[in-house]
Amino acid sequence: MTNNIVFSGIQPTGDMHIGNYFGAVVNYVRLQNTGVYRTIYCVVDLHAMTVPYEPAVLRRNTEQMFIDLLACGLDPEKSIVFVQSMVPEHAELAWIFGCVCSYGDLTRQAQFKEKSEQLQGKQDAFISAGLFTYPVLQAADILLYRAAHVPVGQDQKQHLELSRTIANRFNTQFGEYFPEPEMLATETPKILALNEPTKKMSKSLGPKSYVGLFEDEQTVRSKVRAAVTDAGEAGTPLGEGARNLIGLLRACGKHDQADAFEREYAAGNRRYAPLKDAVADALIELTSGLRARREAIGADRARIRHLMQEGAEKARAIARATMKDVRALTGLPEHAQ
Ligand code: TRP
């Protein structure tokens, strides 16, 4: 492998939920621990500014997400873990990329259409230009480190295509420099919303849609119990909701239990209460361990701030070198940094 650089970004959306965990973070940790890749992970606070937000909440969520990534197993000795806005080169490269990305390419982005429509429905609807150029900043995130591998879910496919388009156009215009980043497809399951199991688990679908990684036991249990399943008639195929719950059991490593439920359901016994209990137990087992780690790590704020600073410095060393080259290629003057 000539280019072994892995980059991914995660939004500081407040408490992480099991969808983010199984869908993304477990995989970040796995890639970190293979020893094959140079892994770089970023809390993308600048992306979180593209929709209306509270400054104090953003600051708190950014620090919390950094702590939570460590609690989930990212290791600052093995990966570069940092906060996007602490490396100002992200915004700088995003400007340059905005000039090699066409307006037409951005208007075709499905996520912009979706999010701007969601916002339009709200009072005082405000659709920022930042929401429109969001994927340009994402391309800058990845290419600042000249990363070739990007572990993300299917929903990011179009953004990644745009990153390739941007890399390509830059290279054509200014000379071969950036790799074309590829999605690193994962075997991680797509976790669906508990209340609407046709959609991906997401905070935007309301608190009943997700189980927070750090929620207390009772909340976890009651959310899982309330999960939408199907009428459970023998002979009908299992609904998405039931399959999602079985998938969650597997994600928690409880394959024997998942197999047993599948056998039972195939034989026509379609009671979902025991499945829900098993899922709740497995999630509580997982989350109580993570909660303890989060508390231990989060207790030492001075160390957290130090790690944030250190992560940013490591990232910046790479980012500065890239920007030096980019400035030379694009006709900007050199400047002392
Ligand atoms: N857009 C991504 C998401 O919503 C987050 C993100 C920002 C990202 N920059 C990135 C992911 C760079 C991968 C690489 O999930």
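## Arg146 and the loop after H7

Arg146 lies in the loop that links H7 to strand S4 (149-150). In this predicted model, Arg146 has a positive phi of about 45°, even though it isn't a glycine. What about solvent? Arg146 has a relative accessible area of 31%, and since buried means under 20% and exposed over 50%, that makes Arg146 partly exposed.

## Asp141, back inside the helix

Helix H7 spans residues 129-143, and Asp141 is found in it. The unreviewed UniProt entry carries a "binding site" annotation that covers Asp141. Is Asp141 buried or exposed? Its relative accessibility is 2%, so Asp141 counts as buried.

Which residues does Asp141 touch, once neighbours within four places in sequence are left aside? The contacts are Phe7, Val44, His47, Gln84 and His90. Handily for anyone browsing the model, Phe7 falls within the residue range of strand S1 (residues 5-10).

## The parallel strands

S1 is mostly covered, with 5 of its 6 residues buried. Its pairing with strand S2 (residues 38-43) is parallel and runs over 6 bridges. To get from S1 to S2, the chain passes through helix H1 (residues 18-34), and this β-α-β crossover is right-handed. If you want a spot to check the register, Ile5 stands opposite Arg38 in S2.

S2 also pairs with S3: the two run parallel, joined by 5 bridges. Here Tyr41 has Val81 in S3 as its bridge partner. Strand S3 (residues 79-83) is mostly covered too, and 5 of its 5 residues are buried. In a regular strand, side chains alternate between the two faces of the sheet. In S3, Ser79, Val81 and Val83 point one way while Ile80 and Phe82 point the other way, and all are buried.

## Thr50 in its loop

Thr50 sits in the loop between helix H2 (45-48) and helix H3 (55-71). Is this loop residue buried or exposed? With a relative accessible area of 9%, Thr50 is buried, because the cut-off for that label is under 20%.

Setting aside neighbours within four places in sequence, Thr50 is in contact with Ser128, Gly130, Leu131 and Tyr134. Among them, Gly130, Leu131 and Tyr134 fall inside the H7 range of residues 129-143.

## Aromatic rings

Now for the rings. How many aromatic pairs are there? The count comes to 13 aromatic pairs. One of them joins Tyr177 and Phe178, an edge-to-face pair with 4.9 Å centre to centre and 75° between the planes. The edge-to-face label fits because planes over 60 degrees apart count that way.

Tyr177 counts as buried at 14% relative accessibility, and Phe178 is buried as well, with a relative accessible area of 3%. Both rings belong to one aromatic cluster, formed by Phe97, Phe170, Phe174, Tyr177 and Phe178.

## Charges over rings

Two residues with charged ends are worth a look if you care about cation-ring geometry. Lys223 lies over the face of Tyr210, at 4.2 Å from the ring centre. For Arg294, the charged end sits over the ring of Phe214, 3.9 Å from its centre.

Notes:
Residues numbered from 1 in each chain as written. Predicted model: local features only at pLDDT ≥ 70, side-chain atom pairs only at ≥ 80, totals over all residues. Heavy atoms only, no water. UniProt positions renumbered as here; feature names shortened; annotations may be inferred. Helix = DSSP H or I, 4+ residues; strand = E, 2+ residues; numbered from the N terminus. Buried < 20%, exposed > 50% of the residue type's maximum accessible area, 1.4 Å probe, protein only. Contact = heavy atoms within 4.5 Å. Phe/Tyr/Trp six-rings, centres within 6.5 Å; stacked < 30°, edge-to-face > 60°. Lys NZ or Arg CZ within 6 Å of the ring centre and 35° of its normal. Pairing = 2+ DSSP bridges. Right-handed = clockwise from strand over helix to strand, strands pointing away.
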